[in-house]
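Hi there,

Here is the structure I promised to pass on to you. Have a look at it first, and then read my notes below.

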Amino acid sequence: MKILVIGSGAREHAICDALSSESNKIFCAPGNDGMKLSGINIAKIDEDDFDGLVNFAIKENIAYTIVGPEAPLVNGIVDFFEAHGLRIFGPNKRAAQIEGSKAFTKSLLKLANVPTAEYSEFSDFKAAEKYLKHLSEYPVVIKADGLAAGKGVYIVENVDEAVQVVDGLLNGHKFETSKIVIEEYLDGEEFSLMAFVNNGKFYPMPAAQDYKKLKDDDKGPNTGGMGAICPVSNISQATYDRAVNKVLKPFIETLTEDHIKYTGVLYAGLILTNKGIKVIEFNVRFGDPETEVVLPRLKNNLGHVIFSILNDDNPEINWETSGVDLGVFASVSGYPDSPIKNADLGTVGSFENLNCEINYAGVKLNGDSLCSDGGRLFVVKTHADDLVDAQNRIYQDMQKLKQENIFYRKDIGNNSI
């Protein structure tokens, strides 16, 4: 089969790796230069160029397309492809509101009777400011209602900080925000649970945990993710089973009852509180960086799994049950606010000589070297018998790379030891 993956990050690189086989030819659009080092076929077509992508899929006789990032899904790429008679794996525009609007998802969670944080919605700054000044308990969480590339969530410690954030979102329209959700702060063990979904049927993946904060010990602002681990030792089998049966199952049943057609990957961001599991967020695609550590545990070829789902079959999906998969993201200096552009990252050879695997994101080739072309650069990842071994392998490899223009957390996985 010829399969097209849309996107340009480490998540899409990991998806391409999981699709690869002697019988599959994989294309990624727009991809990145680092993927070329892995032999992935790059098509330089932007992810929002729906006409260009459709024309490419027709010309290359693509069997089906997988959408990596959320923005094309929210903007209706699935509807566009299907209108041209093309097969594509992902939710349509209506279903993608689950990620495109926090308020929409909150209403679905209420319908499904799935526990989540108490919340209020605001489009007016003055009303939000009044609400914040009358709150008796801090911290609280403020979320931009729309897409914000993983950066639209703020945990604020006091009313002054809260008003400043809301001012930036509703008056300054940061992330093009016109509505916000203010919700109670939840404390506990966070984890991510993804599932393949096809019109009411779903197939859960192993639980993973990502590390959103910029710095060690979960300090600093939220990012797109600085690393991930799978499985999550602090989440028991009983907790995992409850998440499947009390969150995924009723939520997906509610989609069906509400006539929301959903085919694709559904991502639940969850937290285990002292009052049980609660939903932090839902996304409508593979998580990043969770995908980079979950898909290597898939024993089937991903291409066959998705082909089976698109054919309305019931695939038998098998996962690795031993050991641990760990991934650490390297980011360029200045990320997330002011990432350095065109920073020298070292020679291609220095990356090819590493023992661990790499999934590339914001990089481009400059002669025989790589340089930065975004904030998060690449994930160094491995499978090992235990966490300490995985950490040692990854951090030894990362120390071999040029350190001047990159940084990375040194504690990914520590909370699982």
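Let me start with the contacts across the chain: of those with a separation of 6 or more, 67% are between residues 24 or more positions apart. Please keep in mind that this is a predicted model.

Now the overall picture. The protein has 417 residues, and 56% of them are buried. It contains 14 helices and 24 strands. Its radius of gyration is 21 Å, which agrees with the value near 22 Å for a compact globule, because that is what 417 residues would give. The C-alpha trace spans about 60 × 50 × 40 Å along the principal axes.

On the outside, about 17,600 Å² is exposed, with carbon and sulfur atoms supplying 45% of that area. As for charge, there are 42 positive and 59 negative side chains, and the centres of these two sets lie 2 Å apart.

Next, find helix α3, residues 50-59. Its buried residues are Phe50, Gly52, Leu53, Val54, Phe56 and Ala57. They pack against β1 (2-7), β2 (25-30), α4 (70-74) and α5 (77-83). Just after α3 you will meet Asn61, which has a positive phi of about 55°.

A little further along is Thr65, in strand β4 (residues 64-67). Is Thr65 buried or exposed? Its relative accessibility is 1%, so Thr65 counts as buried. Leaving aside residues up to four places away in sequence, Thr65 touches Leu4, Ile6, Phe81, Arg87, Ile88 and Phe89.

Enjoy exploring!

Best wishes

Methods: Residues are numbered from 1 along each chain as its sequence is written. This is a predicted model: local features need pLDDT of at least 70, side-chain atom pairs count only at pLDDT 80 or more; totals for chains, interfaces and linings use all residues. Side-chain values use heavy atoms; hydrogens and water are left out. Helices (H or I, at least four residues) and strands (E, at least two) are DSSP runs, numbered from the N terminus. Buried means under 20% relative accessible area, exposed over 50%, partly exposed in between (1.4 Å probe, protein chains only). Contact means heavy atoms within 4.5 Å. The radius of gyration is taken over C-alpha atoms; the globule rule is 2.2 Å times the number of residues to the power 0.38. Accessible areas come from the Shrake-Rupley method with a 1.4 Å probe; for residues, only the protein chains shown count as cover. Lys and Arg count as positive and Asp and Glu as negative; His and the chain ends are not counted. The place of a charge is taken as NZ of Lys, CZ of Arg, CG of Asp or CD of Glu.
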